Amino acid sequence: MEELHSEAQQAEPPAPKIIGLTGGIGSGKTTVAHFIEEFGFPVYYSDDRAKAIVNESEDLKIKIKELLGEESYDKNGLYDRKFVAGKVFSNQDLLEQLNEIIHPAVRIDFEDWVKKQTKYLVFKETALLFELKLNRQCYKSLLVTAEDNIRIKRVMDRDNKTYREVQAVMEKQMSEKDKIKMADCIIYNNTNLEELKEETEKVIFAIE
Ligand code: ATP
């Protein structure tokens with residue numbers, strides 16, 4: 001009896017279920033992610049972490065400098081986003097090689113983060129969930145979507161960009177139609193923030 005008791009005490013808690021949270025430009029995925037945190041669930045922001053990791057990891061620094069040159073980091077040793085963007089902008093091959101350096105590092109960082117979580121659900125926010133097939137590593141995928149014109153208008157207001165500029169980014173992304181086909185859960189974000197929050201609550205607490 002005593003032995004059973006101590007075994008039970010040592011048992012690892014079950015690993016949390018990972019929900020991949022995604023959406024195209026201006027869909028509202030970051031807004032939804034913030035609501036999710038308000039409802040008490042942890043969110044891993046892949047893009048933010050990628051931006052941090054390139055400065056935190058010495059190993060990445062070395063690999064990126066080898067690929068793109070010393071100028072990839074400024075005189076203070078910080079990642080020079082502008083320089084790197086200029087290098088890879090019209091060079092698909094270089095961009096892929098850069099991604100092959102950064103994406104595995106983000107994956108490991110995410111796995112470490114998951115190990116520290118104690119909630120039964122955790123969310124991974126990433127714009128490229130389906131494109132990088134990261135949905136295969138998730139328990140479920142959650143897509144935030146809205147009509148194109150609404151998304152464009154929101155990004156124009158947020159980033160002070162022209163209609164054409166936002167549309168150009170949108171056209172390069174996977175179509176909403178394809179994403180809707182692949183998603184397990186969908187939040188339609190065509191109205192106001194209040195309704196978005198209500199819908200978020202409904203959807204996340206319905207995940208079994
Ligand atoms: P990106 O991929 O471009 O970073 P995103 O999917 O993370 O975009 P958000 O930044 O969450 O989108 O939302 C885009 C903008 O639209 C933000 O300024 C946000 O405050 C606003 N927004 C999102 N949803 C709504 C809504 N339902 N009503 C009003 N404004 C909204």
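Start at the ligand and select Gly28: a polar backbone atom of this residue sits 3.0 Å from an oxygen atom of the ligand. Keep in mind as you click around that this is a predicted model.

Next, pick Lys29. One of its polar side-chain atoms is 2.4 Å from a ligand oxygen atom. Then add Thr31, where a polar side-chain atom is 2.5 Å from an oxygen atom of the ligand. With those on screen, switch on the ligand surface: on its own the ligand has 640 Å² of accessible area, and the protein covers 75% of that.

Now colour by element. Helices α2 (29–38), α7 (148–159) and α10 (193–205) are the elements that each give two or more residues to the shell around the ligand. Linger on α2, since the largest share of that shell, 3 residues, comes from there.

Show the whole shell next. There are 15 residues around the ligand, and the ones that come nearest are Lys29, Thr30, Thr31, Arg158 and Asn189. Recolour by class and you'll get 9 polar, 3 charged and 3 nonpolar residues.

Time to leave the ligand and head for the strands. Select β5, residues 185–188, and show its side chains. Which of them are buried? Cys185 and Ile187, which point to one face; Ile186 and Tyr188 point to the other face and are not buried. That fits the usual pattern: in a regular strand, side chains alternate between the two faces of the sheet.

Last stop: bring in β4, residues 140–145. This strand runs parallel to β5, and 4 bridges join the two. To see them side by side, zoom in on Leu142, which stands opposite Cys185 in β5.

Definitions and conventions
Residues numbered from 1 in each chain as written. Predicted model: local features only at pLDDT ≥ 70, side-chain atom pairs only at ≥ 80, totals over all residues. Heavy atoms only, no water. Near = heavy atom within 4 Å. Polar contact = N/O pair within 3.5 Å; in protein donor to acceptor, adjacent residues only side chain to side chain. Areas by Shrake-Rupley, 256 points an atom, 1.4 Å probe, with all protein chains shown as cover. Nonpolar A, V, L, I, M, F, W, Y, C, P; charged D, E, K, R; others polar. Buried < 20%, exposed > 50% of the residue type's maximum accessible area, 1.4 Å probe, protein only. Pairing = 2+ DSSP bridges.
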